[in-house]
Amino acid sequence: MAEHALQTHGKSTEKSALPLEYSTEESRLKIFGFWVFLGAEIVLFASLFATYLVLAGRTAGGPTAKELFEVKDFMMETIILLTSSFTCGLGTLALRNRSKGGILFWYIVTLLLGLSFIGLEVTEFIHYVGEGATIQRSAFLSGFFILVGTHGAHVSLGILWMTLILIQLIQRGVTAATARRVFIVGLYWHFLDVVWIFIFTLVYLMGVAY
Amino acid sequence: MGFHLPKNFFVTGEPMIYVADVLSVLTIAGIVFVLTYYKKWKWLWDEWLTTVDHKKIGIMYLISSLLMLFRGGIDGLLMRTQLALPNLHILDAEHYNQIFTAHGTIMIFFMAMPFIFGLMNVAVPLQIGARDVAFPYLNAVSFWLFFAGCMLFNIAFMIGGAPDAGWTNYTPLAGSDLAPGPGINYYLLSLQISGIGSLMTGINFLVTILKMRAPGMTLMRMPMFTWSVLITSIIIIFAFPVLTVALALLTIDRLFGSHFFTIAGGGEPMMWANLFWIWGHPEVYIVVLPAFGIFSEVISTFARKRLFGYGAMVYSMVVISAVSFLTWVHHFFTMGAGPAVNSFFSISTMAIAIPTGVKVFNWLFTLYKGRIEFTTPMLWAVGFIPTFLIGGLTGVMLAVAPADYQYHNSYFLISHFHYVLVGGTVFGCLAGLYYWWPKMFGFKLDERQGKWAFWLFNIGFNVCFFPQYFVGLMGMTRRMYTYPEGLGWTPYNFISTVGAYMMGVGFLIMVYNILYSVRHGERDLTGDIWNGRTLEWSISSPAPHYNFARIPEVDDLDAWWHMKQRKRKQPWELRPLKPIHMPNNSGRPFIMSIWFFIAGFGLVFEWYWMGIIGLLGVLYCMLKRSFEYDDHHYIQVDEIERTESAAGRA
Ligand code: HEM
Ligand SMILES: [Cu+2]
């Protein structure tokens with residue numbers, strides 16, 4: 001493959017066929033590296049899911065999933081997060097058109113949706129804790145809070161990260177380097193959405209079904 | 001919560017620890033004095049602490065892991081001294097527990113892994129004709145995270161108290177009910193910090209090997225060591241996140257009272273065993289496959305032959321890496337998994353013997369009819385074959401689930417895994433160290449001393465561990481701090497201890513060899529002191545910081561060997577030099593690791609304010625990195641020309 005021949009870091013070997021975020025060798029390496037990192041993240045979440053599923057029935061006399069989860073609440077969270085993934089995709093599309101305004105607009109919408117998702121999740125957690133359903137109450141709740149909380153922490157970090165990158169975009173415009181950063185944070189965001197779909201099914205839907 | 005100093009912030013009451021305290025303070029004072037006296041602080045900072053050069057990072061890994069081999073080795077000797085004769089009371093039970101925990105943990109995480117990482121860093125980019133790893137900055141972060149974790153673990157026995165639940169740290173023994181206090185927290189947090197570094201290394205090397213090979217180097221033309229590192233990187237990427245989760249969950253159990261592993265709230269202590277060994281068994285291959293790679297390089301170099309069965313070597317590694325994820329339950333056959341589960345894991349474990357056997361035969365066939373030269377690295381490689389055979393065969397014995405009820409947690413097991421870990425990994429690391437030493441430093445380690453060290457260490461090793469198979473079958477269980485007379489164990493134990501001391505002497509000779517060879521070692525003027533086969537031997541020793549002035553083009557396995565056979569220069573060798581793009585040094589990875597250390601130390605004592613400060617520091621470093629755009633520079637052609645001609649190259 002042609003890439004193999006390229007040996008320097010970040011040398012700008014602009015190839016017209018490639019999108020901007022792939023235009024330097026450094027960018028190609030970093031994007032590929034990020035995919036690999038996401039592979040590791042999958043294993044991380046898989047371990048948390050496995051742990052949760054083992055512990056899901058072990059409520060130790062405390063509240064059960066069925067008693068706690070509100071269909072309306074987790075549906076709201078799901079819809080908001082899925083929408084944010086869509087708007088993030090529109091942001092990437094704007095990136096392909098090298099439209100700084102477009103990227104900013106769609107990514108800010110994504111950020112706002114992400115923030116409201118976190119807001120809802122925090123409210124949900126506070127509500128549970130108010131009912132005595134704390135992480136110390138039972139193994140089921142330990143598993144629940146850590147699995148869903150780890151996802152939430154990832155989303156929060158994503159919000160922070162995306163903000164930083166938007167600042168850089170404003171400062172520097174759409175360059176090969178900022179394009180790559182925008183693209184990678186977008187990948188991350190979509191990944192978190194995919195994880196949420198599993199949380200939605202395996203934690204919430206199964207929780208209210210059984 | 002809040003700030004409370006534990007009763008024994010500085011561990012007291014144990015004379016050996018006072019000695020260690022004094023020695024540590026003296027060592028630090030000595031280092032500070034020497035650096036100040038010779039005005040070396042700036043040099044240390046500019047050349048080492050901020051470096052992103054993979055070769056220097058590799059050397060720092062090697063220095064750290066040799067120090068840890070020393071520390072873990074002293075622990076081993078202390079245990080062997082305690083066990084030399086019945087009813088000894090040099091160590092008490094509690095202290096013994098701490099020592100075997102420290103020994104196992106240090107040897108696996110802070111000796112074997114970094115040793116392998118060090119050799120990877122030194123050799124892989126050179127073997128594939130690359131100028132660097134894919135992510136040089138990240139590489140520095142990985143090293144410093146390992147280092148911070150290692151330091152955090154090492155201060156445990158002086159400040160707050162050492163962990164004592166074994167390197168496997170089983171729950172509920174390691175839970176907060178049975179093990180309150182900071183000891184286990186040290187284990188959890190230091191491994192967490194260094195583990196993140198290891199994961200990053202795996203990602204870095206996977207990308208490096210897949211994307212940065214010289215033109216013409218297809219996957220099936222890669223040197224075997226590089227292949228082994230590629231497979232190892234994949235195992236790391238799949239295994240380490242599981243460890244991350246296991247450590248995090250137990251930390252949360254201990255710090256915040258959740259119930260992942262406590263029976264009380266419905267938790268599942270076996271979950272720890274499962275998560276730990278889903279990571280732990282592949283970990284064994286993470287440290288042994290690169291050693292296999294090293295043996296392959298060394299054996300084909302010093303048999304002056306192409307590696308026999310190259311393709312079979314590759315495929316066997318792929319199979320081993322896949323099956324290694326399906327065997328974890330063999331570590332707890334006796335903990336009630338049931339016959340069906342045990343049978344599955346018994347068979348999958350034995351299955352690994354097949355690809356491993358393939359590799360052993362390939363090494364033997366490579367040796368067959370070779371023009372063998374017994375240099376020091378070759379001695380370690382050839383010495384590895386019988387020890388590994390013994391370790392492997394006893395491993396198959398252990399894999400027989402019903403029989404394991406007899407050997408489980410006995411000295412039979414201790415002997416088995418030392419045969420594999422020392423006879424495989426440590427022999428491989430030492431072979432690699434002697435082999436690549438001239439490439440790193442431009443001179444060879446003394447061969448005569450090297451051979452002395454090899455024979456002492458190898459014989460000492462067998463004298464130490466072979467008797468343990470027997471004493472294990474006689475019923476001596478692992479983690480026993482003393483034993484009564486009259487069981488027939490005494491002669492075995494005594495011989496074993498004698499062997500351990502022989503290994504210690506072998507190690508000291510190795511250290512002396514390094515000091516001696518700095519002044520008297522044979523200088524490497526050609527860059528190809530062993531008459532090597534792979535690309536790292538095509539450039540001068542030590543390698544210039546940009547590695548290759550011109551990127552080589554490869555058309556076969558053992559690329560450099562073929563280049564040497566051809567008299568005429570290749571077109572790429574005649575191309576004009578071009579400026580080379582290099583990453584800038586950065587102090588941030590080092591500083592970030594200090595923040596990690598602060599966070600870890602705070603959480604060990606459950607001082608959350610300190611943990612938060614540390615984590616904010618980490619976050620701030622990441623933020624600074626995110627805003628960094630100008631992080632490389634060019635080396636101009638005239639500078640390359642000067643460097644090359646200074647090294648005697650046109
Ligand atoms: C260099 C000479 C060495 C000596 C004399 C030595 C000695 C010992 C002894 C006496 C024990 C048993 C403690 C007990 O259960 O009572 C032990 C355990 C162990 N050793 Fe070594 N060892 C050596 C090297 C190594 C190396 C190189 C590794 C790994 C790469 C290693 C890994 C372990 C592990 C994982 C344990 C189990 C610790 C536990 O039970 O938690 N050892 N060693
Ligand atoms: Cu295993």
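Q: What makes residues 182-206 of chain A a helical span?
A: In this predicted model, residues 182-206 of chain A are 100% helix and 0% strand, with end C-alpha atoms 35 Å apart. Helices are DSSP runs of H or I with at least four residues, and strands are E runs of at least two, numbered from the N terminus. The UniProt record (unreviewed entry) lists residues 182-206 of chain A under "transmembrane region"; such annotations may be inferred rather than shown by experiment.

Q: Why is the pair B:E268 and A:R58 called a salt bridge?
A: The term requires a side-chain nitrogen of Lys or Arg within 4 Å of a carboxyl oxygen of Asp or Glu. The N to O distance between B:E268 and A:R58 is 3.2 Å, so the pair meets the definition. The count between chain B and chain A is one salt bridge.

Q: How is the extent of the interface between chain B and chain A expressed, and what is its value?
A: Interface size is often given as the accessible area lost when the parts come together. With a 1.4 Å probe and summation over both parts, the area buried between chain B and chain A is about 3900 Å², 68% of it from carbon and sulfur atoms. In chain B, B:K211, B:F627 and B:Y629 lose the most area to chain A, together 18% of what that side buries.

Q: Which residues enter these values?
A: Local features need pLDDT of at least 70 and side-chain atom pairs count only at pLDDT 80 or more, whereas totals for chains, interfaces and linings use all residues. Side-chain values use heavy atoms, without hydrogens and water.

How values were computed. Residues numbered from 1 in each chain as written. Chains lettered and ligands numbered in written order. Buried area = accessible area lost by both parts, 1.4 Å probe.
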